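User: I should like a close look at one part of the model shown below. Please explain each term as it arises.

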Amino acid sequence: MRNTPAFTGMAIVGLVIGFAMFFIGLFNASFELNVKGYYIAVMLLIAYSAIGVQKVTRDNAEDKLFMEQTQGHNQNTQA
């Protein structure tokens, strides 16, 4: 496990607080309902994209490390 439970908890709490503040502000705004729906959709798209970018970046780094280890192992077994 790479991250401590405290760091994981802090990330989740930060996300929840951010969403809560956004939705409270949107609830109190004097926009029409269709505008509020647009902002909610955009917020969800941003959250999904941020999670996706994080996952892809992590997976690419892990793949690079795995390929380096595999190549090193193959060179040692061929020698």
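Is Y38 buried or exposed, and what is its relative accessible area?

Analyst: Y38 is exposed, with a relative accessible area of 53%. Here buried means under 20% relative accessible area, exposed over 50%, and partly exposed in between, with a 1.4 Å probe and protein chains only. The model is predicted, so local features need pLDDT of at least 70 and side-chain atom pairs pLDDT 80 or more, whereas totals for chains, interfaces and linings use all residues. Residues are numbered from 1 along each chain as its sequence is written, and side-chain values use heavy atoms, without hydrogens and water.

Y38 belongs to helix α2, which covers residues 33-78; helices are DSSP runs of H or I with at least four residues, numbered from the N terminus. On the surface, Y38 joins F31, V35 and Y39 in a nonpolar patch. Such a patch links nonpolar side chains (Val, Leu, Ile, Met, Phe, Trp, Tyr) within 5 Å, each residue having over 30% relative accessible area and no salt bridge. Together the four expose about 390 Å² of accessible area, computed by the Shrake-Rupley method with a 1.4 Å probe.

Helix α2 also holds K55 and D59, four residues apart and thus separated by about one helical turn. Their side chains form a salt bridge at 2.5 Å, N to O; the term requires a side-chain nitrogen of Lys or Arg within 4 Å of a carboxyl oxygen of Asp or Glu. R58 bridges to D59 at 3.5 Å and to E62 at 3.9 Å. Through shared partners, K55, R58, D59 and E62 make one network.

Notes: Patch = residues over 30% accessible without salt bridge, like charges linked within 9 Å, V, L, I, M, F, W, Y side chains within 5 Å. Helix = DSSP H or I, 4+ residues; strand = E, 2+ residues; numbered from the N terminus.
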